[in-house]
Amino acid sequence: MDKIASPKKTKEIIEQYQFKFSKSLGQNFLIDQNILEKIVEGAGVTKEDDVIEVGPGIGSLTQHIAEKGKSVVAIEIDRSLLPILKNTLQAYDNVEVIHEDVLKLDLHHLIQEKFHGKKVKVIANLPYYVTTPIVMKFLEEKVPLLSMTVMIQQEVARRMEAKPSTKDYGALSIAVQYYCQPKILLKVPPSVFIPQPKVDSTVIRLDVLEKPKVHVDNEKLFFSLVKDAFGKRRKTLLNALSTGTLGYSKALVKEVLQKAGIEEQRRGETLTIEEFATLANSFSASV
Ligand code: SAM
């Protein structure tokens, strides 16, 4: 089957359907077979795998997934791409395109209906304007996932896999690493897309853990604590946590930090995820 993603073929399809790229929907289509192959290879797709793709565009990545995997459900928000996808993917009877906004979709219901609740792999070249909300929706809603292999802005990928005491380490690092083991797979220059994005891109694979990386008694408190600790990066933990959204008094923060064995002069950015969990559990035991 001819590949959709050559520059020539992509331009032909776009002209034939008079397709207008939407900047606000983050439409940057891949035109490099090599990169597409590497994404699917990096995701480790086999004939056993059911895959959800977010934003198939004209089907460039979908085609590669369909050839390697068992089945693909592709979720596309832009109605004008539906007739194009019907045509470009007509040879693949293991692909189903759903016209939906992924952020509004009931993902548990979708996976139950299409895959009988079996764990799926997510693969996507994500629209950059909503990268983090899409990734976090899949993780926070705890849908049955094996992994997410996604192309995102390089800067966001770095934040997702950052380690303590680095400039990229923050609330997003903790949120992602609570649910997943992240691994950066490859860096991708703007030249392999049309139109070209303004930023460099990275393919990252997030292997979803069987259970969260750390045990916390109260998830809401844990994430609020992380947010407060990073909200004021330059402040010590004692200051950041006693002036944050949780409304704790200085005396309480002092007492809990001591109980958790964490020095009050440290900054949030030096704490490992395990230390954040210990601290959150000490707070939930004390308030
Ligand atoms: N997969 C194609 C490729 O690699 O060439 C297209 C990727 S393009 C970066 C992002 C795609 O996501 C576009 O097709 C866009 O219309 C779609 N999209 C944007 N927002 C979406 C949303 N909220 N739900 C589903 N699809 C969305």
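**Exercise 1. Find which residues come nearest to the ligand in this predicted model, and work out what surrounds it.**

Step 1. Start with the whole shell: there are 23 residues around the ligand, and those that come nearest are Phe29, Gly55, Gly57, Asn125 and Pro127.

Step 2. Now see which elements give two or more residues to that shell: they are strand S1 (29-30), helix H3 (60-68) and strand S3 (71-76).

Step 3. Sort the shell by class, and you get 13 nonpolar, seven polar and three charged residues.

**Exercise 2. Decide how far to trust the prediction, using its confidence scores.**

Step 1. Look at the protein first: its pLDDT averages 96, and 100% of the residues score at least 70.

Step 2. Then turn to the complex, for which the predictor gives an ipTM of 0.99 and a pTM of 0.96.

**Exercise 3. Split the protein into its domains and describe their contact.**

Step 1. The domain assignment gives you two ranges to mark: domain 1 (7-208) and domain 2 (219-286).

Step 2. Nine residues from domain 1 and ten residues from domain 2 take part in the contact.

Step 3. On the side of domain 1 that touches domain 2, you'll find six nonpolar residues, three polar and no charged ones.

Step 4. For the spacing, take the C-alpha centres of the two domains, which lie 35 Å apart.

**Exercise 4. Locate the largest nonpolar core and say why it lies between the domains.**

Step 1. This core has 78 residues, and the members touching the most others are Leu30, Ile39, Val122, Ile123 and Phe276.

Step 2. Ask which element gives the largest share: helix H8 (residues 171-179), with six residues.

Step 3. Both domain 1 (7-208) and domain 2 (219-286) give residues to the core, so it lies between them.

Step 4. Zoom in on Phe276. Setting aside its neighbours within four places in sequence, Phe276 is in contact with Ile174, Phe222, Leu225, Val226 and Leu271.

Step 5. A bit of background helps here: nonpolar side chains tend to be buried together in soluble globular proteins.

**Exercise 5. Work out how many residues of H8 are buried, and what covers them.**

Step 1. Count along the helix: eight of the nine residues in H8 are buried, so call it mostly covered.

Step 2. Name the buried ones: Leu172, Ser173, Ile174, Ala175, Val176, Gln177, Tyr178 and Tyr179.

Step 3. Look at the cover over these buried residues, which includes helix H6 (131-140), helix H7 (154-161), strand S7 (180-188), strand S9 (201-208), helix H9 (219-231) and helix H12 (273-286).

Terms used. Residues numbered from 1 in each chain as written. Predicted model: local features only at pLDDT ≥ 70, side-chain atom pairs only at ≥ 80, totals over all residues. Near = placed C-beta within 6 Å. Helix = DSSP H or I, 4+ residues; strand = E, 2+ residues; numbered from the N terminus. Nonpolar A, V, L, I, M, F, W, Y, C, P; charged D, E, K, R; others polar. Core = buried A, V, L, I, M, F, W, Y, C linked by C-beta atoms within 7 Å. Buried ≥ 20, exposed ≤ 12 C-beta atoms within 10 Å, placed from the backbone. Domains from an automatic or database assignment. Contact = placed C-beta atoms within 7 Å. pLDDT = per-residue confidence, 0-100.
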